[in-house]
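Got the viewer open? Let's take a short walk through this one, one selection at a time.

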Amino acid sequence: MIEGVTATIERHEGAPPHGLDEPLALQQLGDMDLLQETGYRYAMDWTMDDQPIWIRTRKGRILAMPYPIEVNDTRGSLVPVHRGRVRRHDRRSVRGDAAQSARQPLVCPISLHPFVIGRPYRIRRLRRALQHILEHGERVWLTRPRDICAHVESLPAGVVPGSML
C-alpha cells in the first residue's frame with residue numbers, strides 16, 4: 001500500500017514524498033521500517049515531544065517529527081468548540097511554545113484541516129493565531145517539514161537524539 005500511494009503521489013506531483021503524516025496517527029508495528037525502506041525520510045505524527053528524534057529501523061533510521069495535539073484544529077485549540085466545550089487556549093499554546101523556544105529550538109507544527117478550520121465563521125480566529133506568529137517572524141522559521149528534516153540531517157551526529165544510531 002505504501003508503495004502504491006508513493007507512486008501515485010510521484011505521478012501527480014513529479015517527485016516522491018519525503019515524509020508521511022499517517023491518518024489518525026495510528027502507526028502499526030513495522031510502519032517506520034516500511035516507510036524508511038520505501039524512501040521516506042520522516043514521519044510527522046509523533047506526539048512524543050516538541051523536537052524531532054531519530055528512530056531506528058531495520059535498515060537505517062527515520063526522523064520522527066513532533067505532532068503537538070494542542071495546536072491541531074481537530075482538537076479545538078484553534079477553533080472555539082471541541083466536544084461541546086468552549087476552548088480558550090488557542091494563542092496560549094503558541095505563546096507557550098514561543099517562550100520555551102527562547103531557550104531551545106522547537107518544532108511547532110500547526111495542523112489545519114479544511115473540514116474544520118475552513119468554516120467561514122472560524123477564519124477570523126485562524127487569522128488572529130497566524131498574525132500572532134507572524135508578529136514574531138524574526139524568531140520563527142516558517143517552513144515545511146521536509147526543510148526541517150533536511151536541516152536535522154545536516155547536523156552533526158549527537159545533536160539530535162537517536163542520531164548516533
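Leaving aside its neighbours within four places in sequence, which residues is T57 in contact with? Select T57 and show what surrounds it: you'll find M32, D33, Q36 and I62. Keep in mind that you're looking at a predicted model.

Stay with that group for a moment. The side chains of T57 and Q36 are joined by a polar contact of 3.3 Å. T57 has a relative accessible area of 9%, and since the cut-off for buried is under 20%, T57 counts as buried.

Next, widen the selection to residues 53-57, which is strand β3, the home of T57. Now bring in the rest of the sheet: it is open, has four strands in the order β1-β2-β4-β3, and its pairing is mixed. Look at the two edges, where β1 (19-20) and β3 stand. Each has a single partner strand, so one side of each has no neighbour in the sheet.

Hop over to β1. Its link to β2 (residues 42-46) consists of two bridges, and the two strands run parallel. To see one pairing up close, pick G19, whose bridge partner in β2 is Y42.

Last stop: the largest pocket, with about 1200 Å³ of space. Select L106, V107, C108, W141 and I148, the residues of its lining that lie nearest its centre. The full lining has 38 residues, and β4 (60-66), α3 (90-101), α5 (123-134) and α6 (145-154) each give two or more of them. Colour the lining by type and you'll get 27 nonpolar, eight polar and three charged residues.

Technical notes: Residues are numbered from 1 along each chain as its sequence is written. This is a predicted model: local features need pLDDT of at least 70, side-chain atom pairs count only at pLDDT 80 or more; totals for chains, interfaces and linings use all residues. Side-chain values use heavy atoms; hydrogens and water are left out. On a 1 Å grid over the protein atoms alone, a cavity is a set of points where a 1.4 Å probe fits but cannot get out, and a pocket is an open set with protein on both sides within 12 Å along at least five of seven lines; lining residues have an atom within 4 Å of a point. Grid points are joined across faces, edges and corners, and a volume is the space filled by probe spheres set on the points. Ala, Val, Leu, Ile, Met, Phe, Trp, Tyr, Cys and Pro count as nonpolar, Asp, Glu, Lys and Arg as charged, and the others, Gly among them, as polar. Buried means under 20% relative accessible area, exposed over 50%, partly exposed in between (1.4 Å probe, protein chains only). A polar contact is a pair of N or O atoms within 3.5 Å; within protein, one must be able to donate a hydrogen and the other to accept it, and residues adjacent in sequence count only if both atoms are side-chain atoms. Contact means heavy atoms within 4.5 Å. Two strands pair if DSSP finds at least two bridges between them.
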